[in-house]
Amino acid sequence: MTTETATDLFEAHRPVLLGVAYRMLGRVADAEDVVQEAWLRWSGALRGDVREPRGYLVRITTRLAIDRLRQIKARGETYVGPWLPEPYVTDFGDTVPDTAERAVLADSVSVAVLVVLESLSPLERAVFVLREAFAFPYADIAAMLDRGEPAVRQLAGRARKHVEERRPRYEVDPAQRRDLTERFLAAAADGDLEGLMALLAPEVRLVGDSGGKSQAPLRVLQRADKVGRFLVGVAQRSVPGLSVRFLELNGGPAALILSGDKPDSVIQLDVAGGSVQSVYIVRNPDKLRSLAAA
């Protein structure tokens, strides 16, 4: 295998590797670091015996992501306020033509699922991502993780049950989510409490992630009256020069709020039954850097 061929192979699989690493870590910069380390190992490896490059590269990436997760947990880092995954641009384009496969990938990278995955062990998270998002056979996952297949099946069952019990059920129709997002932003910007209340589910949740580095609620707000009053209050303190750009983040429509040309926040909604069930607001500037050129 020539160096040029090895580079082409790696680049062909980069989107999958980045997808695995991001779902494992919930952080774009960490995922990119892991993929870069995977490239260094791939470029320096003896590739003559590699019969299936995709599986080999996913194995390297998964193990590096597990190591990174364990390091983070070992450091016992404390996060100020609620935690949300770093917004991740998802544009499957023509790379995922199958509608069912596209839906699975979008769901596995959604904010709601990634928040639940944070509570899994690194091994459980790896098995869940490889099996549920990328449909790797149990035997292949076992080889990647140096575990027996029965143990991997047990990990998969435990992780799947954990996620199913804890993740909310939402509709994934992008057109409906986009429409509700536009109406939600218009009502919030106008300080229209009545209009907001008509869009919010009675037990709606607002989760704001600032990391203690910008203004956002330090606790999850729940119930339509509290969420509505908070949003109207924010509108009354609005900053001039803000603009909105819509893009696809974490498998669904989202609003990127810009102050000039600098990302200020990301707002994404979960929708069910025609009402807003969850409002996610990311304002941690460290998590918005990758969107500067989006």
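These exercises work through a predicted model, from overall form to single contacts.

**Exercise 1. Overall form**

Task: Find how the radius of gyration of the protein agrees with that of a compact globule.

Solution:
- Start with the chain. The protein has 294 residues.
- Apply the globule rule. A compact globule with 294 residues would have a radius of gyration near 19 Å.
- Set the model beside it. The protein has 20 Å, which agrees.
- Add the extents. The C-alpha trace spans about 65 × 40 × 40 Å along its principal axes.
- Add the elements. There are eleven helices and six strands.
- Finish with burial. Of the 294 residues, 47% count as buried.

**Exercise 2. An aromatic pair**

Task: Classify the aromatic pair of Trp-42 and Tyr-56 and place both residues in the chain.

Solution:
- Search the whole structure. Three aromatic pairs turn up.
- Take Trp-42 and Tyr-56. Their ring centres are 5.7 Å apart, and their planes make an angle of 55 degrees.
- Check the distance. Centres must lie within 6.5 Å to pair, and 5.7 Å qualifies.
- Check the angle. Stacked means under 30 degrees and edge-to-face means over 60. At 55 degrees, the pair is tilted.
- Locate the residues. Trp-42 belongs to helix α2 (residues 28-43), and Tyr-56 to helix α3 (residues 53-75). The two are 14 residues apart, and the pair links distant parts of the chain.

**Exercise 3. Burial of the two partners**

Task: Decide for Trp-42 and for Tyr-56: buried, partly exposed or exposed?

Solution:
- Recall the cut-offs. Buried is under 20% relative accessible area, and exposed is over 50%.
- Trp-42 has a relative accessible area of 0%, so Trp-42 is buried.
- Tyr-56 has 29%, so Tyr-56 is partly exposed.

**Exercise 4. Arginines over rings**

Task: Identify the rings that have Arg-131 and Arg-178 over the face.

Solution:
- Arg-131 sits over the face of Tyr-138, 4.1 Å from the ring centre.
- Arg-178 sits over the face of Phe-246, 4.0 Å from the ring centre.

**Exercise 5. The cavity**

Task: Describe the largest cavity and its lining by class.

Solution:
- Count first. One cavity of 30 Å³ or more is present.
- Give its volume. The largest cavity holds about 60 Å³ of space.
- List the lining: Leu-84, Pro-85, Pro-87, Val-111, Asn-250, Val-266, Gln-268, Tyr-280 and Val-282.
- Assign elements. Strands β5 (262-272) and β6 (275-282) are the ones that give two or more residues to this lining.
- Sort by class. Seven lining residues are nonpolar, two are polar and none is charged.

Terms used
Residues numbered from 1 in each chain as written. Predicted model: local features only at pLDDT ≥ 70, side-chain atom pairs only at ≥ 80, totals over all residues. Heavy atoms only, no water. Phe/Tyr/Trp six-rings, centres within 6.5 Å; stacked < 30°, edge-to-face > 60°. Helix = DSSP H or I, 4+ residues; strand = E, 2+ residues; numbered from the N terminus. Buried < 20%, exposed > 50% of the residue type's maximum accessible area, 1.4 Å probe, protein only. Lys NZ or Arg CZ within 6 Å of the ring centre and 35° of its normal. 1 Å grid on protein atoms, 1.4 Å probe; cavity = no way out; pocket = protein on both sides within 12 Å on 5 of 7 lines; lining within 4 Å. Points joined across faces, edges and corners; volume = space filled by probe spheres on them. Nonpolar A, V, L, I, M, F, W, Y, C, P; charged D, E, K, R; others polar. Rg over C-alpha atoms; globule rule 2.2 N^0.38 Å.
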